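Thanks for making time this morning. I would like to walk you through one ligand site, and then turn to two points of backbone geometry.

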Amino acid sequence: MRSLIDILDLSTDELDALINTALDIIADPDKYADACRRKKLATLFFEPSTRTRMSFEAAMYELGGHVISMTDAATSSASKGESVADTARIVSCYADIIAMRHPKEGAAFVAAQNASVPVINAGDGGHCHPTQTLADLLTIRREIGRFSDMTVGLCGDLKFGRTVHSLILAMSRYTGIKFVLISPDELRLPDYVREDALCRGSAEFYETSSLEETLPELDVLYMTRVQRERFFNEEDYVRLKDSYVLTRDKLRAAKRDMRVLHPLPRVNEISVDVDGDPRAAYFRQAANGKYMRMALILMLLGIKV
Ligand code: NCD
């Protein structure tokens with residue numbers, strides 16, 4: 001039995017296979033309409049979510065399966081003090097697969113060790129978010145057509161932004177990748193990601209605090225929200241929250257075929273006047289998330305169509 005806790009749990013061949021399944025689902029959704037008949041997905045969300053939870057649920061429905069859901073920790077037994085380990089053990093009795101989001105780093109790992117069904121990490125604190133990376137990769141594949149030989153700028157809260165950590169881990173395995181890490185000093189990429197993914201691998205990278213200076217060289221610009229809920233004090237958040245705001249005006253300096261990605265939700269970091277630019281791929285990226293989650297559910301349940 002297999003879970004997905006970290007994006008590196010999947011080899012690049014498996015990522016390719018998931019992307020090919022997602023593309024096949026997009027081309028012929030009817031073929032998959034009964035693939036998960038009588039299977040149940042449990043979504044356990046101990047933190048807010050719109051896209052991740054709803055796209056998981058839509059994914060399971062579109063595969064012909066069912067969904068049972070815990071959308072708010074306050075209404076679950078977690079509020080009575082139940083551990084993640086016990087919750088995972090119990091939910092395994094009711095569902096065939098679990099997608100879980102939790103504010104504590106490592107929570108999905110603990111759940112997977114105690115569950116008797118596959119567990120998917122839908123975000124664990126400021127650590128990682130592998131299924132967002134699946135959405136990101138399908139978007140890059142559909143919009144740019146390759147994963148190699150490109151310059152990827154990651155901008156904003158690189159410290160707490162779990163989607164950034166997973167994307168760097170995934171993409172640093174391809175060749176000819178250069179990362180430009182754009183953040184205020186306080187929100188730089190954590191050392192463990194820099195060391196694990198970048199210093200040991202072949203990807204080039206440099207760190208800067210200027211978006212304007214680096215924009216012209218980027219093939220992908222991955223914007224992120226400053227993660228207010230992970231800050232220790234509101235003052236620091238208020239000081240840093242508008243460090244970067246991408247506007248239509250600034251985008252003039254970018255390549256004509258660059259793509260702007262954002263895991264969403266956005267707060268202020270991309271002005272709405274960017275939305276109509278063909279390079280703005282973030283809404284298409286959110287749609288791609290559902291197809292990759294469908295492909296992932298099939299893979300972890302061992303269902304071949
Ligand atoms: C992201 C997350 O939860 O980490 N959202 C998402 O799943 N698309 C990004 C964020 O909340 O900023």
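I will begin with how the model is to be read, and then go to the ligand.

This is a predicted model, in which local features need pLDDT of at least 70 and side-chain atom pairs count only at pLDDT 80 or more, while totals for chains, interfaces and linings use all residues. Residues are numbered from 1 along each chain as its sequence is written, and side-chain values use heavy atoms, with hydrogens and water left out.

The residues surrounding the ligand, with a heavy atom within 4 Å of it, include Arg51, Arg101, His129, Arg162, Gln227, Pro263, Leu264 and Pro265. At least three residues of this shell come from each of domain 1 (7-128 + 289-301) and domain 2 (130-285), with bounds taken from an automatic or database domain assignment.

As for polar contacts, meaning pairs of N or O atoms within 3.5 Å, an N or O atom in the side chain of His129 is 2.8 Å from an oxygen atom of the ligand, and a polar side-chain atom of Gln227 also lies 2.8 Å from a ligand oxygen. On the backbone side, an N or O atom of Pro263 lies 2.9 Å from a nitrogen atom of the ligand. The protein buries 94% of the 320 Å² that the ligand exposes when taken alone, by the Shrake-Rupley method with a 1.4 Å probe.

Now to the backbone. Most residues other than glycine have a negative phi, and most peptide bonds are trans. Leu264 and Pro265, however, are joined by a cis peptide bond with omega of about 5°, and both residues belong to the ligand's surroundings. Arg38, which is not a glycine, has a positive phi of about 70°.

Note on methods:
A polar contact is a pair of N or O atoms within 3.5 Å; within protein, one must be able to donate a hydrogen and the other to accept it, and residues adjacent in sequence count only if both atoms are side-chain atoms.
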